[in-house]
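Q: Please take a close look at one part of this model and describe how its elements fit together.
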Amino acid sequence: MDEGSPSAKIPPAPTDELPFETALTRLEGIVQALEKGDLELEAALAAFEQGVALSRHCAAQLEVAERRIEVLVREGAGFVARPFAGPEDTD
Amino acid sequence: MTDFLPRTLPERRIFTIAELLAGVRALLEESMGRLWVAGEVSNLRRASSGHLYFSLKDDTAQVRAVLFRADARRMPFELEDGLEVIALGECSVYEARGDLQLLVRHVEPRGRGALQLAFEQLRARLEREGLFDPSRKRPLPAFPRRVGLVTSASGAALRDVIEVSGRRFPATPLLLAPTRVQGDGAEHEIAAALAALASLPRGHAVDVILVVRGGGSLEDLQPFNTEVVARAIAGCPVPVVSGVGHETDLSIADLVADLRAPTPSVAAAAAFPDRAVLRDRCARDLVRLCTAAERVVERAAARLGQRSEALARVAPVARVAAQRVRLEALARALERTARRHAERARSQLAAVAGRLDSLSPLAVLARGYAIVWNANTRAIVRRADECAPGDRLRVRLGEGELAATVENTREPARPWRRVLSLPENR
């Protein structure tokens, strides 16, 4: 696809590292570009595929069940994050 | 006036001024001791030594007072002119001036608590400084990658934050920087925790910090009403959400924070996006995506159609193809018409056949007529004079034939009526 065409702005395919916000922003950017309807057919189909992938990526992140709670522990001069066992019983 | 002077004194005792004042001071201290005095602070002056000099006055009188630096430091609030106070101290004499002086050890505001006053004073001061300005408030990230939490590792506030954030967006990690949240020095731990969370390396950085604590008395919440914590929040490079105490408690931390939540649970809800809402949003996006893609394909198909039509107008091959299509359509139409015609023809034929049947010579013969041929010439014999005696004849009956010979001929009275018009050569 040639430079300057709207499809050139479509970002590369998502990875697992992609933060939710970025994925959602890209997804909605693709939706808007497709709705505007000025993409060439081939670019539009590529954008569509990417949109589906991004949508799946977002959905997967939303369904993460495992909680990550860490606690900051002093180590030497600095701090490190360690897994947090849970709130202590005493108040 | 000299009349009143004693003429004779048993003994003249002449005091130095210092001795006089020392005597007065001793009397004062002995007879009055430590006491509470109520009055309004005026002419307050802070010496470079850190001692505070002021007057306590009411409607009719005033007295000089001093609050030494060590005592002044212990006070949660600050003395200021116009403040109505109750002061605990001892009466004394300032020898250099001969002034009566109250040595103040402790001051309480009148009509409200010291902490309440301290809160109001700090609030007013920081407000003047602009620390609470709405323009200072930073927006929270819509989708934080990691959320910092400053609170006690054992409090109900922590449990609330864990529960609410786990319900809303469990994928986002929560990083606790545990601190004491009440008692002397807790404010320094809170400030240090904020600084530690704010200075994590890139991959571990938090992009919003919650500072929370459950409800408590004003004394319990005091760390959150200190200048130390206020400065730590104001100087924090990432946005801070406060959730201190219950809904009715307002702390200095709340005022400085980028967002004030009434409780720890609400603070968690403010920082963590709601995945139920996001599920809907993603689902709607997917529907929009598919609808838009379908429309793109439809439009492309329509364009394709237009283009091939345009092509057919200029390209002979395409024109031939188009002709063929048209022909095929015609052929189909023809076939339909033909079938209809054939149908009609068949029924007409049937009708005609019926009529033909009634005209069939066989039917006539069946009624008793016969056809006679000259056996030699094969000509049909219509008149008697066409035959001579001895001619051989063939006679076709309704059923079967006869071979016959003419014996004689007779002229007819009337000529035979032609009953059939069959072809001569038959």
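Within what distance do the axes of helix 4 and helix 8 of chain B come, and at what angle do they cross?

A: This is a predicted model, in which local features need pLDDT of at least 70 and side-chain atom pairs count only at pLDDT 80 or more, while totals for chains, interfaces and linings use all residues. Residues are numbered from 1 along each chain as its sequence is written, and chains are lettered from A and ligands numbered from 1 in the order in which they are written.

The axes of helix 4 (residues 156-168) and helix 8 of chain B come within 8 Å and cross at roughly 30°, where axes are lines fitted to C-alpha atoms, for helices over the stretch in contact, and angles run from 0 to 180 degrees between N-to-C directions. Helices (H or I, at least four residues) and strands (E, at least two) are DSSP runs, numbered from the N terminus. The crossing of these two helices is right-handed, meaning that the near helix is turned clockwise from the far one by less than a right angle. From helix 4 of chain B, A157(B), D160(B), V161(B), V164(B), S165(B) and R168(B) meet P264(B), S265(B), A268(B) and A269(B) of helix 8 of chain B; two residues are in contact if their C-beta atoms, placed from the backbone, lie within 7 Å. This contact is made up of 6 nonpolar, 2 polar and 2 charged residues, with Ala, Val, Leu, Ile, Met, Phe, Trp, Tyr, Cys and Pro counted as nonpolar, Asp, Glu, Lys and Arg as charged, and the others, Gly among them, as polar.

The sheet beside helix 8 draws on both chains. It is open, has 7 strands in the order 2(A)-1(A)-7(B)-6(B)-8(B)-9(B)-10(B), and shows mixed pairing, two strands being paired if DSSP finds at least two bridges between them. Strand 2 of chain A and strand 10 (259-260) of chain B stand at the edges with a single partner strand each, so one side of each has no neighbour in the sheet. Strand 8 (residues 208-213) and strand 9 (residues 240-244) of chain B pair in the parallel sense over 5 bridges, with V211(B) opposite S242(B). Helix 8 (residues 264-271) of chain B packs on this sheet, touching strand 6 (147-151), strand 8, strand 9 and strand 10 of chain B, and its direction makes about 160° with that of strand 9.

Across the chains, strand 1 of chain A and strand 7 (residues 174-178) of chain B pair in the parallel sense over 3 bridges, and I69(A) stands opposite L174(B).
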